[in-house]
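These are my notebook entries on a structure that I looked up. I kept each entry short.

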Amino acid sequence: MQFSAAQIAPLIDGRIEGNASVSVSGFGKIETAKEGDLAFLANPKYESYAYSTEASILLVSDEFTPRQPLSPTLIRVKDPYAALAQLMQLVEQQQASHPEGISPTALIAEDVELGEDVYVGAYAVLEQGVKVGRGVRIYPHAYVGKGVTIGEGATIYPHVTLYHDVKIGARCIIHAGAVIGADGFGFAPQSDGYHKIPQLGNVILEEDVEIGANTCIDRAVMGSTIIRRGVKLDNLVQIAHNCSVDEHTVMASQVGLAGSSQIGKWCKFGGQVGIGGHITIGDRVEMGGQTGVISNIPEGSVLMGSPGMPLREAMRNFVIQPKLPDMYRRLQALEKELAELKQQQSK
Amino acid sequence: MQFSAAQIAPLIDGRIEGNASVSVSGFGKIETAKEGDLAFLANPKYESYAYSTEASILLVSDEFTPRQPLSPTLIRVKDPYAALAQLMQLVEQQQASHPEGISPTALIAEDVELGEDVYVGAYAVLEQGVKVGRGVRIYPHAYVGKGVTIGEGATIYPHVTLYHDVKIGARCIIHAGAVIGADGFGFAPQSDGYHKIPQLGNVILEEDVEIGANTCIDRAVMGSTIIRRGVKLDNLVQIAHNCSVDEHTVMASQVGLAGSSQIGKWCKFGGQVGIGGHITIGDRVEMGGQTGVISNIPEGSVLMGSPGMPLREAMRNFVIQPKLPDMYRRLQALEKELAELKQQQSK
Amino acid sequence: MQFSAAQIAPLIDGRIEGNASVSVSGFGKIETAKEGDLAFLANPKYESYAYSTEASILLVSDEFTPRQPLSPTLIRVKDPYAALAQLMQLVEQQQASHPEGISPTALIAEDVELGEDVYVGAYAVLEQGVKVGRGVRIYPHAYVGKGVTIGEGATIYPHVTLYHDVKIGARCIIHAGAVIGADGFGFAPQSDGYHKIPQLGNVILEEDVEIGANTCIDRAVMGSTIIRRGVKLDNLVQIAHNCSVDEHTVMASQVGLAGSSQIGKWCKFGGQVGIGGHITIGDRVEMGGQTGVISNIPEGSVLMGSPGMPLREAMRNFVIQPKLPDMYRRLQALEKELAELKQQQSK
């Protein structure tokens, strides 16, 4: 398939600068794109590539002012990254041949309710009382426990485990190996060992949630562990029992939340962030990778470090930190000098 | 099901304060419980909710002295958390309809020994030489490798992989996606790359061990990686080859142990703790989240930070840490002042 | 099976010191080996065990000079660890009865190309367009998506998920639960939430790569996420979309790479290391456990700490770090003393 700049621009509300008849057949990253590729420039860090790229079309923002001539045809848009997403979605919809039908090897309990246009792959297991909405895709080897509900248009990839009574909202995407609804980590210490606290609650994912591969979300001890609509969790994330993560919060890989933490809306956590138990994080909080949090964090904070400090403070700290041994020596020297000075004076 | 305070108290050796005939039909957290719920107060942090909770019955400790009147009927017990655990276990035993029987789609090698009352779910695979104790539950899609033994009453959840010759003790619980017995990470560096060291040992889990979802425990290069009785590991934990974890130690999510580490009894590790290789940790050591350890740690230590410091030291450090850039400026100022003073004097 | 020192030495190009006719039937660690075991001494930290070990044969390096008499027969080799690897490989080849044949329950699409001597275990699923090289072993419950290619002699363990169009090189080993090719974490933020960026690229593993249990490698947004030949990744590692990891780099468990990071050859990362996005790491870089990296790192660096510092600097830092509160008090005291001194002088 070939598309010209003239065909592409109206799809993304863009303005063409250069040869409108040049055409592309695929996407490329600005630094490695070839002739016939469409590339984009969103991160200013990559601007230098704009002048050397072999891409035939380059998506840029309305504000972009080239510092030297460039060879690709430009399409100017408000938000190049969002425009790219739109184009890629169009391509994906045309390319993808989504799997269909119910595999004869899928084991589906008698009382399971399946919506229209549902795909259930080979060897998938759906236990009693499961309800599956219209257009849901359940890939091979998925395990759907008793009483689970899956909303319209959701996708459950291979080897996902949904424990009993978990609720998955419409259009959620659960990547391979994710485990939703395993027992929370709850034990009562006794002299002869730890006694298990049965975890009688469940997990609720609202709509449009995406869960990464091998991520774990534990069921509540009572009530629900809740992931609100639009939340995106990367791979290998841990959400402990009775946590709640509010709308449109995103967490990168290997983030861990201890039990009963409450996370606000529109937060952004970098990779390997750790949040202690029973902690409340306000809306729009951002954290750099490996940040550790052991106290409540107010709305709008930007943190880094373990334990987390305000970003500016942390960055200043990171600069001074390597000077610490030198500071120690200088402090000792000062003490000595001052003592000598005082001794001289007292003579 | 409805239970009155009068019915509940004797089950947990409790004393009633208030209306003994009030009854409940479920559990609730103290901050969100509704009428008809039983809630509990164990963590003093939550005491204020005791005066506003809508719960009908509240489990409290013998020592609890209300600072103002409260509406729920109180049941006083020695340890509210343990009493709650007991009640929840009673409820779970009544509610749960545990799966039974051997699925016709389970693939069980001819020489496998199955105890009485064993459940083997759909598409589970049990290879040659496997021995399964009485009352064991093996969920759909579990993979049980050659020569594995599983003790009485153990539970193996979906998508668990037990590599060959792993030994699982009685009453162990292995959550979905856990991998027990994959090759340890052992390679001999050579000029043309890393040569694999075959991992000829195995993994032994003693009785009453619980392993979280997607946790990995590697087989020993020779001998055994050993998890002693009563150990509880949360989700996404990594135990490398030839480690041993002694009785009743608990580790929160995403903890990682490098090879040949030896962990004592009754330790408690917070989330994302990292332990270096060939390290010995004494009994009853506690570590806060994200603690890093690169040397042996004596019995009874309480650590935090990376690298780990004694907790009090770490907490003081965390307070001073943000002042570091300010300290640096003040140190420079002092040096300048002192130099000026000395110059003045030498005149 | 029994092997004498005289039989073993020529296999590993070793020289015997002591009784050449003593024989062994297994391997043991130097600290726990019994009579009839072969043990090895590679790490000097373990030298003291050489004088107390019950092992019958001890592999040591050419340079090893005993400080006191020892009882085992010594076999001297250039590299004891590599020699051990060689011996263990010989034993493994003799012991192991590798699984064979195609299980009748494996679901293999009509157009799949299978090489000679391929094993496909129970309930494995191979989708359309898959190509499997000679001698490949695919264990039960593995999922191989559309268009995947698997090179000669590779091993795919149970519950592995290979998403569509992933390429696995010859002799790769993918441990249980690993997920290769799930969608990268790419979203365009909009006022109503995050819009998914389709991930249209793939993942390429070159030859001789080993991937640990439950490790995740995401598919590229466009182009490929690339793991070069000889790379070894431990369990629970996260490789984000569009990363590249160059030849013979090894990463311990729970390491995380954010998107588009480029890692050099022959690097060694300890456990829980975190690398930010769009970062370039040179060849032969080494990092201690929990190191955090937020800027490019030149070839040959050795780092520790978060953020990472040169190792020597970090070790000095770790020593001074606990003195920080004391330094603060001493700094305040100095300021006071100096102020007093100046006041005295001005009188």
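The entries below concern a sheet and then an interface.

**Entry 1: the sheet in chain B.** I noted at the outset that the model is predicted. I looked up the strand order of the open sheet in chain B and found E2-E7-E6-E5-E4, five strands with mixed pairing. Strand E2 (15-17) and strand E4 (26-27) of chain B each have a single partner strand, so one side of each has no neighbour in the sheet.

**Entry 2: one strand pair and a helix.** I then examined strand E5 (residues 37-40) and strand E6 (residues 57-61) of chain B, which pair in the parallel sense over three bridges. For B:Leu38, I recorded B:Ile57 in E6(B) as the bridge partner. Helix H3 (residues 80-95) of chain B packs on this sheet and touches E4, E5, E6 and strand E7 (73-77). The direction of this helix makes about 140° with that of E6(B).

**Entry 3: the interface.** How many residues does each chain bring to the contact? I found 73 residues from chain A and 63 residues from chain B. The buried area between the two chains is about 5,500 Å², and carbon and sulfur atoms give 65% of it. In chain A, the residues that lose the most area to chain B are A:Phe185, A:Tyr194 and A:Met222, together 14% of what that side buries.

**Entry 4: polar links.** I recorded three salt bridges across the interface of chain A and chain B. The side chains of A:Glu337 and B:Lys342 form a salt bridge at 2.8 Å, N to O. I also noted 27 residue pairs in polar contact between chain A and chain B. H4(A) gives the most to the side of chain A that touches chain B, with 10 residues. That side divides into 34 nonpolar, 28 polar and 11 charged residues.

Terms used
Residues are numbered from 1 along each chain as its sequence is written. Chains are lettered from A and ligands numbered from 1 in the order in which they are written. This is a predicted model: local features need pLDDT of at least 70, side-chain atom pairs count only at pLDDT 80 or more; totals for chains, interfaces and linings use all residues. Side-chain values use heavy atoms; hydrogens and water are left out. Two strands pair if DSSP finds at least two bridges between them. Helices (H or I, at least four residues) and strands (E, at least two) are DSSP runs, numbered from the N terminus. Contact means heavy atoms within 4.5 Å. Axes are lines fitted to C-alpha atoms, for helices over the stretch in contact, and angles run from 0 to 180 degrees between N-to-C directions. Buried area is the accessible area (1.4 Å probe) that two parts lose on being put together, summed over both. A salt bridge is a side-chain nitrogen of Lys or Arg within 4 Å of a carboxyl oxygen of Asp or Glu. A polar contact is a pair of N or O atoms within 3.5 Å; within protein, one must be able to donate a hydrogen and the other to accept it, and residues adjacent in sequence count only if both atoms are side-chain atoms. Ala, Val, Leu, Ile, Met, Phe, Trp, Tyr, Cys and Pro count as nonpolar, Asp, Glu, Lys and Arg as charged, and the others, Gly among them, as polar.
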